[in-house]
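Colleague: I've just opened this one and don't know my way around yet. Could you walk me through it, starting with the open spaces?

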Amino acid sequence: MEETAACKQQVASYLNLLAEHRVELVNEIKNTECILENLLQSGYFTTEDRELVQRKRTRHDKVREILDIICNKGHEAAEYFVYVMYKAKDVYPELQDWIKIIEYQPSEHLERKAILLTDAADCSAITFILRDLQKTIGLELDNNNINDYGVRELIPCFSKLRIIGLNANQITDEGVQVLSEELRKYKIVQFLGLYKNQITDAGAQYVSTLIDECPSLLKLAIGYNMITSEGGKRLAQAVQKSKTIKYLWMWGNQVGDLGAEAFAQALRNHPSLKELSLAANGISTEGGKYLATALEDNNCLKTLWLTANKLDDEAARWFGNVLKVNRSLQTLWLVENNITLIGAKHLIDALKINNSMQEICLKSNKISIEETRALITEQRIVF
């Protein structure tokens with residue numbers, strides 16, 4: 001009976017502990033990914049649980065969602081949550097005093113469980129290694145799990161970094177804010193890779209400010225995030241004012257026609273932009289028309305990627321018309337759109353008087369194999 005009573009008290013204690021210290025945990029926990037990965041690999045969280053957390057925009061909201069889900073899972077999940085922070089001391093240094101205050105001692109069954117440390121903790125080691133380096137370098141950390149916590153750990157390095165690759169790292173708007181604020185201090189970064197993170201329109205605003213204030217930035221990859229027309233417009237406005245940016249890759253966002261219109265304005269008479277990717281951005285013929293007409297006043301852009309949008313024969317006609325006067329564009333990708341033989345003929349007619357264009361790719365459009373055979377004489381059109 002005494003053992004049963006003790007067990008019930010322990011069950012209640014971990015759930016009550018998280019409820020009692022909820023505000024403190026929400027404010028102090030900087031790294032949510034380490035907790036998520038361990039809850040997932042230990043079976044306490046499902047992939048659906050993790051997605052619910054990752055949909056939240058701010059770090060505080062992510063922690064609140066984790067705590068809410070854990071409380072619904074029960075006492076074992078609640079203790080495991082504490083156990084992760086107890087074992088991952090390097091990841092959660094801000095919570096070690098709290099662990100001591102609550103006098104946490106792990107249950108015997110948990111002591112046998114290994115904790116997965118995320119790569120965010122390794123960022124502090126990178127900072128230590130680079131602390132005495134005098135020259136500027138490039139740092140590529142693509143496809144790790146450094147998240148916002150890792151970005152903060154890298155702050156001492158940013159004065160030395162010209163090339164920064166942070167693609168596919170679960171970075172949110174908070175991490176981008178840190179990047180923007182720190183990189184603007186030194187103004188030496190030339191390439192910034194933020195592809196496949198969790199950046200929304202708010203993060204796009206921070207990146208726009210970086211473009212505005214950091215003329216050294218030549219290449220920016222920010223595709224496959226959660227940027228809509230609002231964030232697209234802000235980025236386009238920053239690009240329009242920049243006289244140095246050369247490459248912008250926005251593949252896989254949702255800027256739509258409003259974003260395309262803003263980028264069209266940026267393209268007019270732009271002095272430096274050589275490559276622009278707006279592939280898979282929900283752009284229709286209206287947006288295609290804006291971009292095409294803008295090329296009438298552009299003598300710099302070499303490559304335009306519009307793969308996987310909603311462009312049709314009317315859009316192809318607009319691009320055909322502009323290619324009769326534009327002599328700077330060399331590569332136009334219109335793969336996976338809604339262009340038929342009619343649209344292809346508009347482009348072929350333009351190539352008859354345009355010798356500077358090197359390739360127009362029309363793969364995976366609405367053109368049959370038989371129709372492509374009739375057009376094979378123009379080798380610069382790729383089907």
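Modeller: This is a predicted model, and its largest pocket is lined by 14 residues, of which Gln170, Lys196, Asn197, Gln198 and Met226 lie nearest the centre.

Colleague: How much space lies in the largest pocket, and how do the residues of its lining divide into nonpolar, polar and charged?

Modeller: About 290 Å³ of space lies in that pocket, and its lining divides into nine polar residues, three nonpolar and two charged.

Colleague: What about closed spaces: how many cavities of 30 Å³ or more does a search of the whole structure find?

Modeller: The search finds one cavity of that size, with a volume of about 90 Å³. Its lining includes Lys30, Glu33, Arg59, Asp148 and Tyr149, and Gln170 and Gln198, which are among the residues lying nearest the centre of the largest pocket, line this cavity as well.

Colleague: Which elements give two or more residues to the lining of the cavity?

Modeller: Those elements are α3 (32-41), α5 (59-73) and α10 (147-153), with α10 giving the largest share, three residues. By class, the lining of the cavity has six polar, five charged and one nonpolar residue.

Colleague: Staying with α10 for a moment, what is the phi of Asn147?

Modeller: Asn147, which lies in helix α10 and lines the largest cavity, has a phi near 50 degrees, a positive value in a residue other than glycine. Most residues other than glycine have a negative phi.

Colleague: Why does Asn147 count as buried?

Modeller: Asn147 counts as buried because its relative accessibility is 4%, and the cut-off for buried is under 20%.

Colleague: And Glu103, where is that found?

Modeller: Glu103 is found in the loop between α7 (96-101) and α8 (108-111), and although it is not a glycine, it has a positive phi of about 55 degrees. Glu103 has 65% relative accessibility, so it counts as exposed, given that exposed means over 50%.

Colleague: Changing topic, how many helices and strands are there in the protein?

Modeller: There are 18 helices and ten strands. An open sheet of ten strands runs in the order β1-β2-β3-β4-β5-β6-β7-β8-β9-β10, with parallel pairing, and its edge strands, each pairing on one side only, are β1 (137-140) and β10 (381-382).

Colleague: Could you give me one pair to look at?

Modeller: Strand β6 (residues 275-277) pairs with strand β7 (residues 303-305) in the parallel sense, over three bridges, and one place to look is Ser277, whose bridge partner in β7 is Trp305.

Colleague: Now the inside: which residues touch the most other members of the largest nonpolar core?

Modeller: Phe319 and Ile360 do, in a core of 78 residues, to which helix α14 (residues 256-267) gives the largest share, six residues. Apart from that core lies another, of 36 residues, with Leu39, Met85, Leu95 and Leu110 among them.

Colleague: What does Ile360 touch, not counting residues up to four places away in sequence?

Modeller: Ile360 touches Leu323, Leu332, Leu334, Leu347, Leu351, Arg380, Ile381 and Val382. Two strands of thought meet here, since residues 381-382 make up the edge strand β10.

Colleague: Last thing, how many of the residues count as buried, and what does the C-alpha trace span along its principal axes?

Modeller: Of the 383 residues of the protein, 53% count as buried, and the C-alpha trace spans about 90 × 50 × 30 Å. Among contacts between residues at least 6 apart in sequence, 82% join residues at least 24 apart.

Methods
Residues are numbered from 1 along each chain as its sequence is written. This is a predicted model: local features need pLDDT of at least 70, side-chain atom pairs count only at pLDDT 80 or more; totals for chains, interfaces and linings use all residues. Side-chain values use heavy atoms; hydrogens and water are left out. A nonpolar core is a set of buried Ala, Val, Leu, Ile, Met, Phe, Trp, Tyr and Cys residues joined through side-chain atoms within 4.5 Å. Buried means under 20% relative accessible area, exposed over 50%, partly exposed in between (1.4 Å probe, protein chains only). Helices (H or I, at least four residues) and strands (E, at least two) are DSSP runs, numbered from the N terminus. Contact means heavy atoms within 4.5 Å. Two strands pair if DSSP finds at least two bridges between them. On a 1 Å grid over the protein atoms alone, a cavity is a set of points where a 1.4 Å probe fits but cannot get out, and a pocket is an open set with protein on both sides within 12 Å along at least five of seven lines; lining residues have an atom within 4 Å of a point. Grid points are joined across faces, edges and corners, and a volume is the space filled by probe spheres set on the points. Ala, Val, Leu, Ile, Met, Phe, Trp, Tyr, Cys and Pro count as nonpolar, Asp, Glu, Lys and Arg as charged, and the others, Gly among them, as polar.
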